[in-house]
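This report looks at one helix, an aromatic pair and a nonpolar core, and it is best read beside the coordinates.

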Amino acid sequence: MEKAMHSAHGVGYEVYSRKHDVRMSVEKRREQDYLKSQRMVADLERKVHS
């Protein structure tokens with residue numbers, strides 16, 4: 001989990017769990033990625049079903 005955290009977000013899990021501002025920036029990035037992927041799926045579904 002430590003390696004994944006570090007490669008995906010540039011911080012280790014210990015820093016993530018201790019620092020609120022780091023945690024908030026990581027979670028904001030995660031949410032943006034999730035929303036982007038949801039929009040991509042919706043666009044693909046719209047193209048397939050058109």
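## Two tyrosines in helix 2

Tyr13 and Tyr16 both belong to helix 2, where three residues, about one turn of the helix, separate them. The model in which they are seen is a predicted one. A pair of aromatic rings is described by the distance of the centres and the angle of the planes. The structure holds one aromatic pair, formed by Tyr13 and Tyr16, whose ring centres are 5.8 Å apart and whose planes make an angle of 35°, so that the pair counts as tilted, being neither under 30 degrees nor over 60.

Which of the terms buried, partly exposed or exposed applies to Tyr13? With a relative accessible area of 38%, Tyr13 is partly exposed, whereas Tyr16, with a relative accessible area of 12%, is buried because this value lies under 20%.

## The nonpolar core

Tyr16 is also a member of the largest nonpolar core, which has five residues in all and includes Met5, Val11, Val22 and Val26 as well. In soluble globular proteins, nonpolar side chains tend to be buried together.

Within this core, Val11 touches Met5, Tyr16, Val22 and Val26, and Val11 also touches His6, when residues up to four places away in sequence are not counted.

## Glu14 on the same helix

Glu14 is placed in helix 2, which spans residues 13-18. Glu14 counts as exposed because its relative accessibility of 52% is over 50%. Although Glu14 and Glu2 are 12 residues apart in sequence, their C-alpha atoms are 8.4 Å apart in space.

Technical notes. Residues numbered from 1 in each chain as written. Predicted model: local features only at pLDDT ≥ 70, side-chain atom pairs only at ≥ 80, totals over all residues. Heavy atoms only, no water. Helix = DSSP H or I, 4+ residues; strand = E, 2+ residues; numbered from the N terminus. Buried < 20%, exposed > 50% of the residue type's maximum accessible area, 1.4 Å probe, protein only. Core = buried A, V, L, I, M, F, W, Y, C linked by side-chain atoms within 4.5 Å. Contact = heavy atoms within 4.5 Å. Phe/Tyr/Trp six-rings, centres within 6.5 Å; stacked < 30°, edge-to-face > 60°.
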